[in-house]
Each structure stands twice: as C-alpha cells, then as structure tokens.
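I am opening a fresh page for this complex. I want each chain on its own, then the place where they meet.

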Amino acid sequence: MASAVGSGAAVPFWRAAGMTYISYSNICANMVRNCLKEPFKSEALTREKVHFSISKWDNGVPQKPSNPLSLSIVDLFFNLFLSIRLVAKKNCEEKEEELKHKFIIA
Amino acid sequence: MLRQATRLLARPAIASSSSFAARARSFSTDLPTAPAEDSTFIDAWKKIIPNIDPPATPLTFMQPRPQTPSSIPSKLTVNFVLPYASELSAKEVDMVIIPATTGQMGVLPGHVATIAELKPGVMSVHEGNDVTKYFISSGFAVIHANSFADIIAIEAVPIDQIDPSLVQKGLADFTQKLSSASTDLEKAEAQIGVDVHSALNSALTG
C-alpha cells in the first residue's frame, strides 16, 4: 500500500496505518449511526450486524465451525481483522509456507 | 515492486505518441451509443433459421448509455443510493453540493465528468427554492459528462435525526483516545472518530 507514495499520490492517514477503504468507510458509518436520535438509532444498529461463522481448514478438510457469531461490524473489524492477521502471520512463520491454513468465512 | 512494472513499461510508449488523437482509447462518455443489437449476428440467424425470432442478447435488455448532449441540459439528474435504500432515483435538480475530500464541491448541470471521493459531511440537494440536506458518512460521487450524477454513500441521515449530546460525547471520547493511542491502528481509529464527530458538529451548527 505504501507503494502508492512512489507514484506521487498522497496516502491518506488510514491507509498508511494499514486500514483499507472499506474498513474506514464502515467505521465512519458506524460512528454516524451511534450518534442518531432514538427511534432511528435502533433501526440503524440492526443494519450494522454481520452474521458469519468461521471454519478452519486443515489439509483440505473443514474442521467443526466455531459458534455462528453475530457481531457488529466494529467488533468484527477490531477483533477479527487483527486476530486473522496475527494468526495468518504466525502460521506462515511456523510452516514456512504461504497460508497453509485457510480461513473460510461462510 | 514488480506491480509497478506494467505502468513503467507503458509510460515510454505513451510519451512517444503523445497527442490525444493517437490515444488508442477515448473516454467512455465520448463514444457513440453502443448498438443494442449485433446486426451481423441477426442477419446470419435469419439466413439459417428464418422462422424463429433471433434470441435476445444481454445488450438488448440494457438501456443504451445516454449520449452526451451537445448543449448543456438545464437540470442535473441525481441518483443517490445507499446500500439499503435508493434515496433519490433519477431526480432532476438544479444543483448538488457534495462534501468531497478536496472541499465542498458544487455540481451544476454541465459539470465536467468527475469521480470524487466523499468525506463525512453534509450534502445538499437544491431544487428550485427547496434545499434538502443529508449528512453522509463517506462514499463516492461519480459525475458523468451528460449531467447525470451518481452519489453513493454508506449512511446518509437528514440532519435533524442527529443527537447533539451524543456527538459532543463522541467528540470528547475520541479526542481523549487520540492523545492516549499507542499503535498506528488505534491512532487512525481515533483520528477517524475526531474527524467524523467534528463534521457532525459542524453539520449541526452550520
């Protein structure tokens, strides 16, 4: 991402910190939703929920999926985004191969 | 590093044939309207199978791209969409002021084709004497040469749905987080919080 600086474009501060535009945009939207007045706020918060379940694959076989979770997008980005990055990096170091364990988000 | 290779290799080729007339591709808005049917296919079909109608192709179902009119139209057609709703759909207005990252940008009919990234701010739609204002969280505005504007945002709320006390509280929280943040990501998050809440504040007061 920092290679954009090589072509002369100014990199926005969130991209320099490793965030993608989609995460930035979703975070902005969440902050706006949290500042709404009451009846609008509860409708808006239902829009923010993301339903997903994660199953880890090992040697081509899916393991038991973790509990299907329902998190708001903010929790998703700050817990999962960071934890997936950390776990993927750790796996690369252990196995010396690119991403032998794949996370499939169903 | 090698991602830049195609760009660097292409650059000398473009520099050597540098006039616009020599460009292989024109902007999509300068092209003539694409024909809705492929006439060679239809002729060939009719020769072989005259009794059955030729099948419809995806192109026939699409509405043709509107031509850039030769004179500037009097109204701007705005499509304002959100992921969960279509706020304005082909609405004819006089002017739209959008909160682009480079500042508030006024879009009038006949505006040059532009793609603008939007920052959190107020968008106002002017139609005659009515002005409708929305607070947009972030998004993009694509303005076409034929005076059509597509504005997309993730959240857009009328200003009276914003709660001032929550905005002040959020601003105070994030300013405090900004001073106490340690990692890059936390700092970015806090900075985004400060930006969004100050934009909300100025929307409420301005």
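How many helices and strands does chain B have? I find five helices and ten strands in chain B. I note at the outset that I am working with a predicted model.

**Entry 1: chain B.** I looked up burial next. Chain B has 206 residues, and 32% of them count as buried. Then I checked sequence separation. I took contacts in chain B between residues at least 6 apart in sequence; 49% of these join residues at least 24 apart. For the surface, I get about 12,700 Å² exposed by chain B. Carbon and sulfur atoms supply 61% of that area.

**Entry 2: chain A.** I went through chain A in the same order. I count five helices and five strands here. Reading from the N terminus, I write the elements down as α-α-α-α-β-β-β-β-α-β. So much for the order; burial follows. Chain A has 106 residues, with 30% counted as buried. Of the contacts in chain A between residues at least 6 apart in sequence, 41% link residues at least 24 apart. The accessible surface of chain A is about 6,700 Å². I assign 60% of it to carbon and sulfur atoms.

**Entry 3: the interface.** How many residues does each chain bring to the contact? Chain A brings 27 residues and chain B brings 32 residues. I get about 2,600 Å² for the area buried between chain A and chain B. Carbon and sulfur atoms give 70% of this buried area. Which residues of chain A lose the most area to chain B? I list Met31(A), Val32(A) and Cys35(A). Together they make up 23% of what the chain A side buries.

**Entry 4: charges and polar pairs.** I searched for salt bridges between chain A and chain B and found one. It joins Arg33(A) to Glu155(B). Their closest N and O atoms are 2.5 Å apart. I also have six residue pairs in polar contact across the interface, both residues at pLDDT 80 or more.

**Entry 5: who supplies the chain A side.** I mapped the touching residues of chain A onto its helices. Helix H2 (13–16), helix H3 (21–34), helix H4 (38–48) and helix H5 (73–95) each supply at least two residues. Which of them gives the most? I find H3(A) in that place, with eleven residues. Sorted by class, the side of chain A that touches chain B has 18 nonpolar, five polar and four charged residues.

Technical notes: Residues are numbered from 1 along each chain as its sequence is written. Chains are lettered from A and ligands numbered from 1 in the order in which they are written. This is a predicted model: local features need pLDDT of at least 70, side-chain atom pairs count only at pLDDT 80 or more; totals for chains, interfaces and linings use all residues. Side-chain values use heavy atoms; hydrogens and water are left out. Helices (H or I, at least four residues) and strands (E, at least two) are DSSP runs, numbered from the N terminus. Buried means under 20% relative accessible area, exposed over 50%, partly exposed in between (1.4 Å probe, protein chains only). Contact means heavy atoms within 4.5 Å. Accessible areas come from the Shrake-Rupley method with a 1.4 Å probe; for residues, only the protein chains shown count as cover. Buried area is the accessible area (1.4 Å probe) that two parts lose on being put together, summed over both. A salt bridge is a side-chain nitrogen of Lys or Arg within 4 Å of a carboxyl oxygen of Asp or Glu. A polar contact is a pair of N or O atoms within 3.5 Å; within protein, one must be able to donate a hydrogen and the other to accept it, and residues adjacent in sequence count only if both atoms are side-chain atoms. Ala, Val, Leu, Ile, Met, Phe, Trp, Tyr, Cys and Pro count as nonpolar, Asp, Glu, Lys and Arg as charged, and the others, Gly among them, as polar.
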